[in-house]
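Take a walk through this model, one sheet at a time. Keep the sequence and the 3D view side by side.

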Amino acid sequence: MPMPNTETPHKPIPFRMLIALAALLVFLLVMRLRLPGYHSIPKNLDANASITVLAKYPHDSAAFTQGLLYADGLFYESAGLYGQSTLRKVEPETGAVLLEKRLDAQYFAEGLALLEGKLYQLTWKENTGFIYDPQDFRQLGAFSYPTEGWGLTTDGSSLILSDGSATLYFLDPKTLQTTRALQISLDGAPLDRLNELEYIRGEIYANIWYTDLIARIDPTSGEVVGVIDCGSLRDGEGAPGPNDVLNGIAYDARGDRLYLTGKNWPWIYEVSLQSAQTP
Ligand SMILES: [Ca+2]
């Protein structure tokens with residue numbers, strides 16, 4: 001004998017309500033994807049320096065740049081996204097990729113640093129870093145870290161890692177353990193969303209995610225000592241669009257040359273700083 005049906009009969013959802021819900025979902029998605037303003041930007045981030053472009057070099061606009069450095073006349077670049085992550089050695093004048101290593105599809109490549117003849121590459125949420133020989137990109141090792149991986153640089157003795165928060169972590173390259181956590185602050189308030197890093201003339205340069213701003217950080221106190229506005233890179237023909245985020249800082253210490261690029265930008269720019277506080 002069949003069981004009596006005790007369930008309340010389903011009432012169909014009115015078609016108009018479905019349309020309204022769908023429209024709301026699309027609206028929220030577009031807001032999230034399209035508007036940089038969705039991500040709040042600290043109000044006290046007044047830039048006190050700007051940049052002038054001295055030269056520009058071709059950059060692979062398919063590269064979702066997550067880390068950039070300069071060494072011995074070449075750029076080394078870490079490009080992200082799952083299934084597309086690579087480590088690259090690039091000739092500045094031509095943009096030619098001289099050597100490329102593809103990462104397994106489960107890794108999203110992030111920050112990149114060169115210290116004592118070894119390349120260190122982070123991954124975003126995989127808690128895994130890779131160590132390579134910069135000559136042939138042979139993998140020399142791997143290491144793990146507890147945070148997300150965003151930017152990476154070095155002061156010549158420690159690796160310095162960002163994870164999108166207001167904290168920078170100093171790692172001993174021998175043990176790959178964190179030896180110091182530095183809180184970054186601007187006028188006494190934490191400054192988060194620190195992303196790609198570069199150690200330049202005794203300071204840590206950090207671009208602030210989803211802005212065209214670079215913070216100059218005192219590596220001893222963690223205080224922001226200056227903010228550079230790089231928004232002028234969006235002017236002119238072939239410039240990156242508003243959704244292509246600034247995300248590559250490289251420094252040629254011997255030539256005292258500063259290079260900037262971003263995710264899917266068609267150019268790497270050599271720039272100089274204009275400010276009363278320019279070092
Ligand atoms: Ca860098």
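How many residues lie between strand 21 and strand 22 in their hairpin, and which residue in the turn has a positive phi? There are 4 residues between the two strands, and N264 is the turn residue with a positive phi, about 65°. Bear in mind that this is a predicted model.

Stay with this hairpin for a moment. Strand 22 covers residues 267-274 and runs antiparallel to strand 21, with 3 bridges joining the two. One pair to find is Y259 and its bridge partner in strand 22, E270.

Now look to the other side of the turn-and-strand pattern. Strand 20, residues 246-252, also pairs with strand 21 in the antiparallel sense, here over 6 bridges. D252 has R257 in strand 21 as its bridge partner. Strand 20 and strand 21 form a hairpin too, again with 4 residues between them. In that turn, D256 has a positive phi of about 50°.

Is strand 21 mostly covered or mostly open? Strand 21 spans residues 257-262, and 5 of its 6 residues are buried, which leaves the strand mostly covered.

Next, the nonpolar interior. The largest nonpolar core has 63 residues. L152, A206, A215 and L260 have the most contacts inside this core. Take L152 as an example. Beyond its neighbours within four places in sequence, L152 is in contact with residues including G67, G111, L112 and A113. Its list of contacts also includes Y120, L122, L159, I160, L161 and L197.

Go now to a sheet of strands. Strands 6, 7, 8 and 9 form an open sheet in the order 6-7-8-9, with antiparallel pairing. Strand 6 (109-115) and strand 9 stand at the edges, and each has a single partner strand, so one side of each is left without a neighbour in the sheet. From one strand to the next, the twist averages 20°.

Inside this sheet, strand 7 (residues 118-123) pairs with strand 8 in the antiparallel sense over 3 bridges. L119 has Y132 in strand 8 as its bridge partner. Strand 8 (residues 128-132) then pairs with strand 9 over 5 bridges, also antiparallel. Here F130 stands opposite A142 in strand 9. The hairpin of strand 8 and strand 9 has 6 residues between the strands, and F137 takes a positive phi near 65°.

Why does strand 9 lie largely in the open? Strand 9 has 6 residues, 139-144, and the number buried is 0, so the strand lies largely in the open.

One more open sheet remains on this tour. It has 4 strands in the order 2-3-4-5, with antiparallel pairing. Strand 2 (65-71) and strand 5 (97-102) are the edge strands, each with a single partner strand, so each has one side without a neighbour in the sheet. Neighbouring strands in this sheet are turned by 15° against each other on average, direction ignored.

Strand 4, residues 86-90, runs antiparallel to strand 5, and 5 bridges join them. V90 has V97 in strand 5 as its bridge partner. The loop between strand 4 and strand 5 holds A96. A96 counts as exposed because it has 11 C-beta neighbours inside 10 Å. Setting aside residues up to four places away in sequence, A96 touches V90 and E91. A96 and D60 are 36 residues apart in sequence, and their C-alpha atoms are 8.6 Å apart in space.

Key. Residues numbered from 1 in each chain as written. Predicted model: local features only at pLDDT ≥ 70, side-chain atom pairs only at ≥ 80, totals over all residues. Buried ≥ 20, exposed ≤ 12 C-beta atoms within 10 Å, placed from the backbone. Pairing = 2+ DSSP bridges. Axes fitted to C-alpha atoms, helices over the stretch in contact; angles between N-to-C directions. Contact = placed C-beta atoms within 7 Å. Core = buried A, V, L, I, M, F, W, Y, C linked by C-beta atoms within 7 Å.
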